[in-house]
Amino acid sequence: MASCSAANPRDYVEDSLQTLRESGARVTATRTAVLECLGSAKRPLSARDILERIQASPEMPKIDQASVYRIIETLLELGLVHKVFPSGHFMACRHSSCGEKLHLLAHCTKCDASLELGVPEQLTAPMSWYLTQQLGFLPTDHLFQVTGLCPTCKSSE
Ligand SMILES: [Zn+2]
Ligand SMILES: [Zn+2]
Ligand SMILES: [Zn+2]
């Protein structure tokens, strides 16, 4: 899965701006600032975290909380951002164009580390088939979230 591991923060912002343009959405300074903020974050961020990070940075544009919510809404619709449960915080999707249909979001409840991982289609295909054909449930997101303890937190239990 070379395409899955090739993601890095700079690519995230550039790829996302391109997706915005292709969708007909305008590329604005505030949208770019939210993307940069999410792209450089090590952990999922709340809308308030995003607001505070942008406000704390002198080279970033002026923005208010309502604009942050509106921008996140647009990015969610375009599949560029994921909402992580149970916190409801937001993280950059670095796999919106990687080609693998389904990914696993492994979220550690102790340290809040969140990783979006590519899973080989041999594993996800039977799951997708079972969900849609046997349970009649059509997934609309490309993410299965698993909550638990990351290797570091598990070993310190
Ligand atoms: Zn991927
Ligand atoms: Zn994703
Ligand atoms: Zn952890």
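Strand S2 (residues 89-92) is covered on both faces: His89 and Met91 are buried on one side, and Phe90 and Ala92 are buried on the other. Keep in mind that this is a predicted model. Here's a quick tour of that strand and its hairpin, a pair of crossing helices, and the two domains.

**The hairpin around S2**
- S2 teams up with strand S1 (residues 81-84), and the two run antiparallel with four bridges between them.
- One residue pair to look at is His82 and Met91, since Met91 in S2 is the bridge partner of His82.
- Met91 is also one of the buried residues of S2, on the side it shares with His89.
- Four residues separate S1 from S2 in this hairpin, and Gly88 in the turn has a positive phi of about 75°.

**Helices H3 and H5**
- Helix H3 (residues 29-40) and helix H5 (residues 65-77) have axes that come within 10 Å and cross at roughly 75°.
- Angles from 65 to 115 degrees count as roughly perpendicular, so that's how H3 sits relative to H5.
- H3 brings Thr30, Arg31 and Val34 to the contact, while H5 brings Ser67, Val68, Ile71 and Ile72.
- Sorted by class, that contact has four nonpolar, two polar and one charged residues.

**The two domains**
- The domain assignment splits the protein chain into domain 1 (2-92) and domain 2 (103-155).
- Their C-alpha centres are 22 Å apart.
- Where they touch, domain 1 supplies seven residues and domain 2 supplies eight residues.
- On the domain 1 side of that contact, you'll find five nonpolar, one polar and one charged residues.

Technical notes
Residues numbered from 1 in each chain as written. Chains lettered and ligands numbered in written order. Predicted model: local features only at pLDDT ≥ 70, side-chain atom pairs only at ≥ 80, totals over all residues. Axes fitted to C-alpha atoms, helices over the stretch in contact; angles between N-to-C directions. Parallel < 35°, antiparallel > 145°, perpendicular 65-115°, else oblique. Contact = placed C-beta atoms within 7 Å. Nonpolar A, V, L, I, M, F, W, Y, C, P; charged D, E, K, R; others polar. Buried ≥ 20, exposed ≤ 12 C-beta atoms within 10 Å, placed from the backbone. Pairing = 2+ DSSP bridges. Domains from an automatic or database assignment.
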